[in-house]
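New to this one? Have a look at the model first, then we'll talk it through.

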Amino acid sequence: MKYRIFSRSQRVLLPLLSILLILACSISGSPVSTVSPQPTDPQDIATQPEDTEIVQPTVTSEVIQEPTVTSPGPSCTVLQNLNLRSGPGTAYRPPIRVLPANTVITPVGFAPQGIPGGTWAYVQAPPNQDKGWVSAGAQYISCNIDLPTLPAVPFGTPPPPPLPKSTQTSNPDGNGFCIDPDSGLICVGTFSAETLFQFQIIKDGVELNENNGVEQVTFNVKKDGEVVYTLDELHAAYCVFSGNGPCNPWTVENGVFKWSPGGTPVESGNYEMEVIATLDGDTSRWGVTFTLTLP
């Protein structure tokens, strides 16, 4: 075996050639990847996160609570000053008190037929929440409820109404024995609150009746010239509403004064009381005017 001996200069050039050969291969081949140096400072290491976590945004489903709408309870508004009464009708006198217009009341009952008539609502009224009846007409109250759907409420009989006031406004006139001063007879008419009118024929201080020749006494009550009530009385006492003593009182139906049962309601105003008396076949007319004032 033969060994080749390089000179000193050759030994220096050989490593350089090797390096150049490596560089040439690197340029012509795949790129050389470089690795970034890791920090070696302990403080840097401490500040680096050990684990990286991707945090997804939280989506919260929020339920929006709708406000609770409370339906208003039954109520009525008074449209004009209105009487609060103890029962369903004008027959219940006197009123408890007056409810001013725009008062808000609570309806709790209903009466389709009051006394003497009309529809009525049983209500609770401020400020003391006292209860009573008011007229349920559309011109009196406006309600947010159909009043006939409310329950019926029991009520009592109305109290007796105050009596009409009657006042004689003229002196008697007419003809016959009641007017003739020479007849020896005195005809007397007396107005009263409870029985309205009683007629008497008096002779020598004694009241005459069917046993003394009085045959009939007829009463005619006129208003504006028209007869509104008539009665033939055959027995004493001679009363416009009959009765053999004492006289019968006014007829009152459902709190309304009437001239007779089921008859015409009494109205305030000017009237004439005409009496035709027959005594022993002789007839006399006696009459006065009067006023009636209802309570």
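Here is a short round of questions and answers.

This is a predicted model, where local features need pLDDT of at least 70 and side-chain atom pairs count only at pLDDT 80 or more, while totals for chains, interfaces and linings use all residues. Residues are numbered from 1 along each chain as its sequence is written, and side-chain values use heavy atoms, with hydrogens and water left out.

Q: How many helices and strands are there in the protein?
A: Helices (H or I, at least four residues) and strands (E, at least two) are DSSP runs, numbered from the N terminus. Going by that, the protein has two helices and 19 strands.

Q: What percentage of the residues is buried?
A: A residue is buried under 20% relative accessible area, exposed over 50%, and partly exposed in between (1.4 Å probe, protein chains only). Of the 295 residues in the protein, the buried share is 30%.

Q: Which strand gives the largest share of the largest nonpolar core?
A: A nonpolar core is a set of buried Ala, Val, Leu, Ile, Met, Phe, Trp, Tyr and Cys residues joined through side-chain atoms within 4.5 Å. The largest one has 32 residues, and Phe-199 and Trp-259 are among those with the most contacts inside it. Elements giving two or more residues to this core include β11 (196–203) and β13 (214–223). The largest share, five residues, comes from β18.

Q: Which tryptophan does Phe-199 touch?
A: Contact means heavy atoms within 4.5 Å. Leaving out residues up to four places away in sequence, Phe-199 touches Cys-178, Val-217 and Phe-219, among others. Also on that list is Trp-286.

Q: How many residues apart are Asp-173 and Arg-285?
A: Their side chains meet in a salt bridge (a side-chain nitrogen of Lys or Arg within 4 Å of a carboxyl oxygen of Asp or Glu), at 3.7 Å, N to O. Asp-173 sits in strand β9 (residues 173–175) and Arg-285 in strand β19, so the pair links distant parts of the chain, 112 residues apart.

Q: Is Lys-258 buried or exposed?
A: Lys-258 pairs with Glu-253 in a salt bridge of 2.9 Å, N to O. Glu-253 is partly exposed, with a relative accessible area of 25%. Because the relative accessible area of Lys-258 is 17%, Lys-258 counts as buried.

Q: Which residue in the salt bridge with Lys-223 counts as exposed?
A: The closest N and O atoms of this pair are 3.7 Å apart. Lys-223 has 17% relative accessibility and counts as buried. With 69% relative accessibility, the exposed partner is Asp-224.
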